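Grab a pencil and open the structure next to this page. Below are some short exercises, each with a worked solution.

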Amino acid sequence: MSDPIQMPAELAKAIIAVKKKVRQLGKDEENKFARFNYVSVDKFYGAIGPLMAEHGLFVVTDETSCEVA
């Protein structure tokens, strides 16, 4: 078994502070092919981004590859 990843206490506190403020976003998009509704990434980042910034957090999206089977 590998050792658990250690997270700095300051980072953990910031994440917890954001999680305390997150509310249900409500689904705003529909996948007509698979017949399900979902929250768009734009709505997600619009709601979460300001909360994260308030607590000194940010997201870095780094996709190096993608395969569709």
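Before you start, keep in mind that this is a predicted model.

**Exercise 1. Work out which helix the buried residues of α2 pack against, and name those buried residues.**

Solution. Step one: follow the buried residues of α2 to their partner, and you land on α1 (9-21). Step two: pick out the α2 residues that are buried, meaning under 20% relative accessible area. They are Ile48, Leu51 and Met52.

**Exercise 2. Describe α2: how many residues does it have, and how far does it reach? Where does it bend?**

Solution. Step one: count the residues, which gives 14 for α2. Step two: go from its first C-alpha to its last, a reach of 20 Å. That is close to the 20 Å expected at 1.5 Å a residue. Step three: look for the bend. α2 bends by about 30 degrees at isoleucine 48, and proline 50 follows within four residues. Isoleucine 48 is also one of the buried residues of α2. Step four: look just past the helix. Glycine 56 follows α2, and its phi is positive, near 75 degrees.

**Exercise 3. Find the salt bridge that glutamate 54 forms. Which parts of the chain does the pair link?**

Solution. Step one: recall the cut-off, a side-chain nitrogen of Lys or Arg within 4 Å of a carboxyl oxygen of Asp or Glu. Step two: check the partner. Glutamate 54 pairs with lysine 21, and their closest N and O atoms are 2.4 Å apart. Step three: place the two ends. Glutamate 54 sits in helix α2 and lysine 21 in helix α1, 33 residues apart, so the pair links distant parts of the chain. Step four: count up, and you get one salt bridge. As for cover, lysine 21 is partly exposed, because its relative accessible area is 35%.

**Exercise 4. Is arginine 35 buried or exposed, and what is notable about its phi?**

Solution. Step one: locate arginine 35 in the loop between β1 (29-31) and β2 (36-38). Step two: compare its accessibility with the cut-off. Arginine 35 counts as exposed because its relative accessibility is 74%. Step three: check the backbone. Most residues other than glycine have a negative phi. Arginine 35 isn't a glycine, yet its phi is positive, about 60 degrees.

**Exercise 5. Which residues does phenylalanine 44 touch, not counting residues up to four places away in sequence? Which surface patch does it belong to?**

Solution. Step one: find phenylalanine 44 in helix α2. Step two: list what it touches beyond those sequence neighbours: Leu25, Val39 and Gly49. Step three: look at leucine 25 again. It's 19 residues from phenylalanine 44 in sequence, but 7.3 Å away in space, C-alpha to C-alpha. Step four: turn to the surface. Phenylalanine 44 is partly exposed, because its relative accessibility is 36%. Phe44 joins Val39, Val41, Tyr45 and Val59 in a nonpolar patch with about 400 Å² of accessible area together. Valine 59 comes from the segment after α2 (41-54), and it is partly exposed at 43%.

**Exercise 6. Where is glutamate 29, and which residues is it in contact with, leaving aside its neighbours within four places in sequence?**

Solution. Step one: find glutamate 29 in strand β1. Step two: list its contacts beyond those neighbours: Phe36, Asn37, Tyr38 and Ser40. Step three: judge its cover. Glutamate 29 counts as partly exposed because its relative accessibility is 36%. Step four: try a distance. Valine 18 is 11 residues from glutamate 29 along the chain, and their C-alpha atoms are separated by 24 Å.

Methods: Residues are numbered from 1 along each chain as its sequence is written. This is a predicted model: local features need pLDDT of at least 70, side-chain atom pairs count only at pLDDT 80 or more; totals for chains, interfaces and linings use all residues. Side-chain values use heavy atoms; hydrogens and water are left out. Patches are made of residues with over 30% relative accessible area and no salt bridge: like charges are joined within 9 Å, nonpolar side chains (Val, Leu, Ile, Met, Phe, Trp, Tyr) within 5 Å. Accessible areas come from the Shrake-Rupley method with a 1.4 Å probe; for residues, only the protein chains shown count as cover. Helices (H or I, at least four residues) and strands (E, at least two) are DSSP runs, numbered from the N terminus. Buried means under 20% relative accessible area, exposed over 50%, partly exposed in between (1.4 Å probe, protein chains only). The expected span of a helix is 1.5 Å times one less than its number of residues. The bend at a residue is the angle between axes fitted to the seven residues ending there and the seven starting there. Contact means heavy atoms within 4.5 Å.
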